[in-house]
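Q: Please take a close look at one part of this model. I would like one connected account of it, with its setting.

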2 protein chains.
Amino acid sequence: MSAISTIDFKELKKEKDELVVRTGYLQRLIMAKKIPVMIVFEGVHASGKGRLSNELLLALDARYTDFYATHKPTEDELRRPLLWQYSVNAPSYGNINIYYRSWYSLYIALINQKFELNRYADKKALVKEIRDFENTLIDDGTVLIKFYLHISKEKQMEHIRKMRENPRTMWRAQEYDAENDEKYEHEMRKLLKDGNHNEAPWHHIEYDVRERAVNEMLRTVTSILEKAIAEHDRKSSEPKERDGKFKGTDDGALEGFDKCVTIDKKVYREKLEDLQQRMREVQYTLYQKKIPLFVVYEGWDAGGKGGNIKRLVEPLDPTMYIVNTTAAPNETERNHNYLWRFWTTIPKSGHIAIYDRSWYGRLMVERVEGFATNQEWSRAYQEINDFEESQTNFGAIVIKLFLYISKEEQLKRFEDRQSDPNKVWKITDEDWRNREKWDIYVEAVNDMIEKTDRKNAPWIVINGNDKKYARVKALETIVEICEKKLYDKNGN
Amino acid sequence: MSAISTIDFKELKKEKDELVVRTGYLQRLIMAKKIPVMIVFEGVHASGKGRLSNELLLALDARYTDFYATHKPTEDELRRPLLWQYSVNAPSYGNINIYYRSWYSLYIALINQKFELNRYADKKALVKEIRDFENTLIDDGTVLIKFYLHISKEKQMEHIRKMRENPRTMWRAQEYDAENDEKYEHEMRKLLKDGNHNEAPWHHIEYDVRERAVNEMLRTVTSILEKAIAEHDRKSSEPKERDGKFKGTDDGALEGFDKCVTIDKKVYREKLEDLQQRMREVQYTLYQKKIPLFVVYEGWDAGGKGGNIKRLVEPLDPTMYIVNTTAAPNETERNHNYLWRFWTTIPKSGHIAIYDRSWYGRLMVERVEGFATNQEWSRAYQEINDFEESQTNFGAIVIKLFLYISKEEQLKRFEDRQSDPNKVWKITDEDWRNREKWDIYVEAVNDMIEKTDRKNAPWIVINGNDKKYARVKALETIVEICEKKLYDKNGN
């Protein structure tokens, strides 16, 4: 490192002014092209993260920039998986989000068992979650820039001393915890080694001479944004296939569900009453054991999802469950990765979230209608498995139900709806259009179940031709899976 | 009350089925007409709030219904005013939001000093906040339905005993705290008396016979919704004036600011350095004393807001400030009251939020352009004063700056921008159109400052004809107001 005396600060200031103008110019392109950007600052205490990220903020337009700091996590954050807050706070398309500390700092705090509500033991699984999280965003077009700041011990101590000497900033200096800082550096060193093998390498910055560090940071940002814009333009000009790549096959999980399985009315009543009572107990036990439960309902139009969900929630305490319905995405949702809106609705520990349709739309309607490109929906099998794994790693129970009815039964129900003034609002032209695509939907669902039916998050196809049978069968499935996870052999 | 034996449960079931169908039908109208609805359930422990609100949920369409439970507040909630979470979780237009416990329960918990972070002492001010909050929403077209549930002591104890006897629900029964419950009832009784005088009366329901209570609740909801829909239709057919009611006057706070006040370049540098250092100390002190700071910037186009804000945040720690910019509202924002989006961005205790334009758009562009009706913007003076009072009651410092430049100076800056390739993006056709309306904007701003310049949230008009003078003047104003509030005579 050159001595301070030889540094030409005037020259650095001139370069900085140019870089700031360049950064502003590139941000306007980023915004116009709707490219999302994440910029991470990590580094030990007093290593310049605050100053550098503030310099970046000053160069950017606040309308298209957000800033997130990771401090001690709140209870809300600890009651959800590691990557929840970062998934929810991922940039909308065209936005630049800056992270002062990030999922890396939170990861280190979690594995050091610093919090009461900590659910994690398996470091490797968490590191995989981080990689999956970054890759899903990068594949979606996100530019991820990660800075790791270095500072000499002398400079670090000088910063801390300055803060300590001023009575009004003293309290901040007191937050410095040498042992903690060492642990952080130790773990980061391991992560930095791994991290350099993925698509978003770490950029190291020496902070000892601030003016030089600022320029280095801005130079890195502008050069990466320039490349990203060129890459974006190149990709945009490539043709994109959206034909769903259907092969005309119909074998798979849905085979053999056309026949009608019925249930006796009296048996139905008895079973329903028993299952609802047990479901209520399951809910209270989930809460007490702080386990989140996902129940995902998919199925044919008029397959009976609504009536099914009603029987599930009837006995429940409304303060601990939510029914999340999934329709066409709104403006804000369209400006994020398709998984974003589901991250915003995951249940916190101890709560139940029921999804009336879900992220699986990516593999059904979006594939069939060509809303997602072939590349996008093909990638989604893995992305969805990763998403669900994040939940089950955290201790969640994930149950996915597909309500199947035969083509004839669907026609009967459509016609019923159309002739009942209290139900006619339920049927739309879209339902009839979807029905015409019955066979390719079958293929899409067979592919989906084959590739996303996993031990930690199983699919169960329910024969829905008899509504009562399906209600009991679905509820029984949910109750039994939960009871098995929650109680030991003696029912405790 | 009639004895249980004389109740015709079959008849009640029949009536309930009809009410459920009716509720669903009315919700579809509510949704189509974009009427927001809030339904509150209050009552002592085990008085049936959960069961009744779940029955209501079952009658509604989950796509247009949200449910919020008030439990022990989180740290995030305690770091903001009482009504923050309820303002943020107010229904979007067409939605029905159900509140299991509400701002009333939180108010009682706060005045009983149950939480460490409690900022409130003045009960009366809080009750006024609640009334203002409800009135602002009602004036905006919200239907507010408030239920207070009554239960006999015997029935209450029976519910608690049942929960206690089942080992899986036992923990819930243990949450019952008789003393707490009594305090709650005591305070609610006072509120119920007051509450009946406002536009949203309390509806009392006897819960002892559940089936009867459910029907009573659904009957109340359907009858209020029917009236609200009729009222909505009547109001929609009335003509709405949007002419801004301008009188052609130009006297007021903006008088005398056309002349140019300048500052010497060297004095500017020295003052700026001193003020930025003090501002940094102010920030750390705000954080330590847990005081939120609002700095609102309004002013003419090209008035220098951007450069001004830059000098303010340059010395700050980015983890404790945010710059919130205000542009035309997006889809989600348009589906809420105009104040909603600002409630979502208020600073938490100890943080600084800087607004580059703000809720005052209601009284400027929305009045001038007729986006708000005369009724709407006329009401907004009071609503905005109430909103700011909610913040200052909580301990916030609220500073509002208006950057004034003369018409000639604006023309010069517009022309500069248009001829500079790095600045041309800053100027739009809208800027030129606004300029043509200079005189009515002057009248709007004079009215605005006259009616919203309050001791707890003052307006300061800054002469912006010299950019450097304005930067120093604005920063000096902010620093001095804060220092006066934060330090005693000895600077501690």
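Into which domains is chain A divided, and what lies between them?

A: This is a predicted model. Chain A splits into domain 1, residues 4–234, and domain 2, residues 265–486. The C-alpha centres of these two domains of chain A are 38 Å apart.

Start with the contact between the domains. Domain 1 of chain A brings 24 residues to it, and domain 2 of chain A brings 24 residues. Together the two domains of chain A bury about 2300 Å². Carbon and sulfur atoms give 50% of that area.

Next come the charged pairs. Two salt bridges are counted between domain 1 and domain 2 of chain A. A salt bridge also joins the side chains of Lys128(A) and Asp386(A), with N to O at 3.5 Å. The cut-off for such a pair is 4 Å between a side-chain nitrogen of Lys or Arg and a carboxyl oxygen of Asp or Glu. Polar contacts across this domain interface in chain A come to eleven residue pairs, both partners at pLDDT 80 or more.

Now the domain 1 side, element by element. In chain A, α3 (75–78), α4 (84–88) and α6 (123–139) are the elements that give two or more residues to the side of domain 1 that touches domain 2. The largest share of that side is from α6(A), with six residues. Sorted by class, the side of domain 1 of chain A that touches domain 2 of chain A holds eleven nonpolar, three polar and ten charged residues.

One further salt bridge in chain A deserves a look. Glu231(A) pairs with Arg234(A), their closest N and O atoms being 2.9 Å apart. Both residues sit in helix α10 of chain A, residues 210–237. They are three residues apart, about one turn of the helix. Over all chains, the whole structure has 76 salt bridges.

The setting also includes a second chain. Chain B superposes on chain A after a rotation of 180° with 0.0 Å of shift along the axis, at an RMSD of 0.0 Å. That is the relation of a two-fold axis. Within chain B, the residue closest to this axis is Glu331(B), its C-alpha at 3.4 Å.

How do the copies meet? Of the interface residues of chain B, 100% are also interface residues in chain A, so the copies use the same surface. Chain A and chain B each put 48 residues into the contact. The area buried between chain B and chain A is about 4400 Å², and carbon and sulfur atoms give 56% of it.

Charge appears here too. Four salt bridges are counted between chain B and chain A. Arg172(B) forms a salt bridge with Asp317(A), with the closest N and O atoms 2.5 Å apart. Polar contacts between the chains number 20 residue pairs, both residues at pLDDT 80 or more.

Several elements of chain B supply at least two residues each to the side that touches chain A, among them α1 (9–32), α2 (49–59), β2 (65–69) and α8 (170–173). Others including α12 (305–313), β7 (321–325) and α13 (331–334) of chain B do so as well. The largest share of this side, seven residues, belongs to α11(B). By class, the side of chain B that touches chain A has 19 nonpolar, 16 polar and 13 charged residues.

Key: Residues are numbered from 1 along each chain as its sequence is written. Chains are lettered from A and ligands numbered from 1 in the order in which they are written. This is a predicted model: local features need pLDDT of at least 70, side-chain atom pairs count only at pLDDT 80 or more; totals for chains, interfaces and linings use all residues. Side-chain values use heavy atoms; hydrogens and water are left out. Copies are superposed by least squares on the C-alpha atoms of residues with pLDDT of at least 70 in both. Contact means heavy atoms within 4.5 Å. Domain bounds come from an automatic or database domain assignment. Buried area is the accessible area (1.4 Å probe) that two parts lose on being put together, summed over both. A polar contact is a pair of N or O atoms within 3.5 Å; within protein, one must be able to donate a hydrogen and the other to accept it, and residues adjacent in sequence count only if both atoms are side-chain atoms. Helices (H or I, at least four residues) and strands (E, at least two) are DSSP runs, numbered from the N terminus. Ala, Val, Leu, Ile, Met, Phe, Trp, Tyr, Cys and Pro count as nonpolar, Asp, Glu, Lys and Arg as charged, and the others, Gly among them, as polar.
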